Amino acid sequence: MAVCSREKKTMRVKLYSIVLPLTVVLLTWNSYAGELSADLTNLVSQARTGEMVKVWIKLPRAVDSRRLAASASQAATTRSDRHKNIVSELKNKHSAVQQPIIDELQNLSSVGKVRAIHSYWIANVIEAEVAVENLTELSLREDIEYIMRPPEIRGVGAIESVSDATFSPAGVESNLSYIKADSAWKAGFTGTGRLICSFDSGVEGIHDALKNNWKGLDGDSAAAWFDPFFQQPFPHTQGSGIAFLHGTHTMGIMVGVDTLTGDTIGVAPDAQWISASVIDQESSPVIASAILRALDRKSVVEGKSVDL
């Protein structure tokens, strides 16, 4: 059985704009230097003393991304080495500039004013739950650029109906031949040596079309699957309905192949896959934090570039 349905039917699929909104938020923070977001400012004036709120604390840019990319390319002989160099530099620089703020947050934590401190390296951001009465003073630090709540992630619409591709048993599905994927395979481009990553509603790890190319089969499942909500070590979906099938469906489109039947449904059937279950699980601010944590984790898997 392939991941895609073999019959024409109506499906409602939530489409999320995830990495782009988070990237825009992080890149445009410069215009709000030394401030609280408007909603936090209002909350400070209305909330009770001691009320805790989850926030993202954005620090000024510590790395020139263009120079970093150029220097990493010059120093590396392979894509893997280039990736490792970039990750190492971001970790070192962001850790160094974040430490004084983390020290203050830990001091506040000792008196019950802060909890759940988490630092990120892929963006120069610290996440924490902070008592509202401490937010204004914290935002006035010269090494803090902006403090805001984790952004809302919302659906951008639905596809009312989808006509599935024609099924070809033990062969190539019509949607793949339409995009000339089979021609690419004949030329040797099958995804061998590539690692594909998805952030979605989970993946059915025991699916016949996906179970054999999950990277976690090499013994390091923690590097190949991230489940921040339920902490399960093996790829899975949680719940029922079309939203929970979405991650399995899309992963099948990318890499699906049934090695027993020869049914090829994925564009890159020889690629390995990893995934993070961060969509359709909890409320939007929680999802935003889970996505950023997933980016932190997935970008260091064996130093390989990850296709998000």
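This report walks through the helices, sheets and a couple of loop residues of one protein chain.

First, some ground rules: this is a predicted model, where local features need pLDDT of at least 70, side-chain atom pairs count only at pLDDT 80 or more, and totals for chains, interfaces and linings use all residues. Residues are numbered from 1 along each chain as its sequence is written, and side-chain values use heavy atoms, with hydrogens and water left out.

**The chain as a whole**

You'll find nine helices and ten strands in the chain. Helices (H or I, at least four residues) and strands (E, at least two) are DSSP runs, numbered from the N terminus. Of the 308 residues, 44% are buried, with buried meaning under 20% relative accessible area, exposed over 50%, and partly exposed in between (1.4 Å probe, protein chains only). A contact here means heavy atoms within 4.5 Å. Among contacts between residues at least 6 apart in sequence, 77% join residues at least 24 apart.

**The five-stranded sheet**

One open sheet has five strands in the order β2-β6-β3-β5-β4, with mixed pairing. The edges belong to β2 (35-36) and β4 (114-119), each with a single partner strand, so one side of each has no neighbour in the sheet. Helix α4 (residues 79-109) packs on this sheet and touches β3, β4 and β5; its direction makes about 160 degrees with that of β4. Two strands count as paired if DSSP finds at least two bridges between them. Strands of a sheet pair through backbone hydrogen bonds, either parallel or antiparallel.

**The three-stranded sheet**

Another open sheet has three strands, ordered β8-β10-β9, and its pairing is parallel. Here β8 (195-200) and β9 (225-226) are the edge strands with a single partner each, so each has one side without a neighbour in the sheet. β8 is mostly covered, as six of its six residues are buried. That goes for both faces: L195, C197 and F199 are buried on one side, and I196, S198 and D200 on the other.

Here are three strand pairs from the two sheets, side by side.

| Strand pair | Direction | Bridges | Residues standing opposite |
|---|---|---|---|
| β3 (residues 52-58) and β5 (residues 125-131) | antiparallel | seven bridges | I57 and I126 |
| β8 and β10 | parallel | six bridges | D200 and S277 |
| β9 and β10 (residues 272-277) | parallel | two bridges | F226 and A276 |

**Two helices that meet**

Helix α3 (residues 65-75) packs against α4 at an angle of about 135 degrees, with the axes 8 Å apart. Axes are lines fitted to C-alpha atoms, for helices over the stretch in contact, and angles run from 0 to 180 degrees between N-to-C directions. The two helices are therefore oblique to each other; angles under 35 degrees count as roughly parallel, over 145 as roughly antiparallel, 65 to 115 as roughly perpendicular and the rest as oblique. On the α3 side, L68, A69, A72, S73 and A75 meet R82, N85, I86, E89 and L90 in α4.

**Two loop residues with positive phi**

K180 has a phi near 70 degrees, a positive value in a residue other than glycine. K180 sits in the loop between α6 (174-178) and α7 (181-186), and counts as exposed because its relative accessibility is 55%. Q231 isn't a glycine either, yet has a positive phi of about 60 degrees. Look for Q231 in the loop between β9 and α8 (242-255); at 61% relative accessibility, Q231 counts as exposed too.
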